[in-house]
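Please look through the structure shown below and keep it in view while you read. The report begins with a bound molecule and then turns to single residues, aromatic rings and helices.

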Amino acid sequence: MLIPAPPMGWNTWNTFGANISEALIKAAADRVVELGLREAGYTYIVIDDCWSLRERDPKTHEIVADPAKFPGGLKTLSDYIHGKGLKFGMYSCAGVRTCADYPGSFGHEFLDARTFASFGVDFLKYDYCNVPVSGQAPLLYRRMGQALRACGRDILFSACNWGTEDVGAWIRSTGAHMYRSTGDIADNFKSMSGIATGQIPRLSQSAPHCFNDLDMLTVGMFGKGNVGSSGCTLADYQTQFALWALMGSPLMLGCDPRTMTPEIVQLVTNRGLLRINQDPAGLQAYRVNHCWGNPDCFTLARLLEGGDLALGCFNLSESPCGNLLLLEQLGLTYESGLRLRLVDCFTGEEQHSGRDTVTVPSLPPHGCRVFRCTPVKA
Ligand code: GLA
């Protein structure tokens, strides 16, 4: 199965943790459609950890959905989700037990893949807790990769070993379509900005068909939920969304779709940012420069299909900073005779660069600007 652009959807974990149910998933799926999120591309509805009984069926050894949480069973829920034009995602773990101590798939990979296929699953997140010492990440992810290929259904394989064992070096060999590269995100600015900046040196390890997953977004959580801490401001969430978009991360929402504010819906459906994230060329973003040597104030660039390029200017620091960018740093020399027409992805405002430089006005702490740029005759 080919996955040319970063997968998009919603996952239960960030807000709900173990507190999941059939009613919740149905309500979330309904809201994803009503809010226009499905139309924007958020198609995967993913149930994370804590969906099963604590033990496998003693006779068949299958993992069994908890009937108290999912009284209608997972196939019925899957049919409901598919009936809404959405796709159904689930969770298991390469270890003996999941991170929240439910049965893991170690030693049962092929059986579990068939079970997921029988539920009509389209996406499997595969975690890495409680792995026996005999287990090695490349082998265990290859095993589930093979099991999914043999299960008779196309299932997107979402690996989650948090960047351990140099995952970027071998994950493509497992058939995974996306892979977590860091520990768990928390709903505060430091956590999310640390995840993004930590992955800047690894931008070459994300490409079509296997994307570096910066974790489920905390955008819109405002401190409510399972990875809660202080929460963030709307401006913080804009910066998070812009970073995930430019860096080509999968976009899995983690807030409560039932209570999303209009500003958050507007942010996560921003057409300019989504177009950059989903750009068909899938090229590597790169860091152009730092502002006056400040590591928390920098510009990312990314070439886009059709000749445009994206520029994202970020200030992750606690004081204002501006930036001056030399076109030459983007490969556009003075003798090219070109300058840039820049369209601001948040405001739609248009401006032109000089022939040598782009001046980014002072950004407030935690602020960002993202532009879609077209090289034009100077
Ligand atoms: C790990 C993962 C999280 C989540 C939990 C569930 O911590 O990294 O994203 O799936 O397990 O227990």
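The residues of the shell around the ligand divide into seven nonpolar, six charged and no polar ones, where Ala, Val, Leu, Ile, Met, Phe, Trp, Tyr, Cys and Pro count as nonpolar, Asp, Glu, Lys and Arg as charged, and the others, Gly among them, as polar. This is a predicted model, in which local features need pLDDT of at least 70 and side-chain atom pairs count only at pLDDT 80 or more, while totals for chains, interfaces and linings use all residues. Residues are numbered from 1 along each chain as its sequence is written, and side-chain values use heavy atoms, with hydrogens and water left out.

## The ligand

The shell holds 13 residues, and the closest are Asp48, Asp49, Lys125, Asp127 and Asp184; a residue is near the ligand if one of its heavy atoms lies within 4 Å of it. The table lists polar contacts of the ligand, a polar contact being a pair of N or O atoms within 3.5 Å; within protein, one atom must be able to donate a hydrogen and the other to accept it, and residues adjacent in sequence count only if both atoms are side-chain atoms.

| Ligand atom | Partner (N or O atom of the side chain) | Distance |
|---|---|---|
| oxygen | aspartate 127 | 2.8 Å |
| oxygen | arginine 180 | 3.1 Å |
| oxygen | aspartate 184 | 2.5 Å |

The protein covers 93% of the 300 Å² of accessible area that the ligand has on its own, with areas taken from the Shrake-Rupley method with a 1.4 Å probe; for residues, only the protein chains shown count as cover.

## Three buried residues

Glycine 220 is found in the loop between β7 (211-213) and α8 (234-246), where helices (H or I, at least four residues) and strands (E, at least two) are DSSP runs numbered from the N terminus. Is glycine 220 buried or exposed? Glycine 220 has a relative accessible area of 17% and is therefore buried, since buried means under 20% relative accessible area, exposed over 50%, and partly exposed in between (1.4 Å probe, protein chains only). Leaving aside neighbours within four places in sequence, glycine 220 is in contact with Tyr237, Cys255 and Ile264, contact meaning heavy atoms within 4.5 Å. Cysteine 255 stands 35 residues apart from glycine 220 along the chain, yet their C-alpha atoms are separated by 5.5 Å.

Aspartate 122, in the loop between α5 (109-119) and β4 (123-127), is also buried, with a relative accessible area of 11%. Its contacts, again without neighbours within four places in sequence, include Tyr44, His82, Lys87 and Arg153.

Phenylalanine 189 belongs to helix α7 (residues 189-199) and, at 8% relative accessibility, counts as buried. Not counting residues up to four places away in sequence, phenylalanine 189 touches Cys232, Asp236, Thr239, Leu316 and His366.

## Aromatic pairs

A search of the whole structure finds 13 aromatic pairs; rings of Phe, Tyr and Trp (its six-membered ring) pair if their centres lie within 6.5 Å, and planes under 30 degrees apart count as stacked, over 60 as edge-to-face and the rest as tilted. The rings of tyrosine 44 and phenylalanine 123 have centres 5.2 Å apart and planes at 50 degrees, so this pair is tilted. It links distant parts of the chain, with tyrosine 44 in strand β2 (residues 44-46) and phenylalanine 123 in strand β4, 79 residues apart. Tyrosine 44 is buried at 8% relative accessible area, and phenylalanine 123 is buried at 2%.

Tryptophan 51 and phenylalanine 119 form an edge-to-face pair, with 6.4 Å from centre to centre and 90 degrees between the planes. Because tryptophan 51 lies in the loop between β2 and α4 (74-83) and phenylalanine 119 in helix α5, the pair ties together parts that are 68 residues apart in sequence.

## Two helices

Why is α5 described as largely enclosed by the rest of the structure? Eight of the eleven residues of α5 are buried, so the rest of the structure largely encloses this helix. Its buried residues, among them Leu111, Phe116 and Phe119, pack against α4, β3 (87-93), β4 and α6 (137-149). After α5 comes glycine 120, whose phi is positive, near 80 degrees.

In α7 the buried residues include Phe189, Met192 and Ile195, and what covers the buried residues of this helix includes β7 and α8. At the start of α7, a side-chain oxygen of asparagine 188 reaches to within 3.2 Å of the backbone nitrogen of lysine 190.
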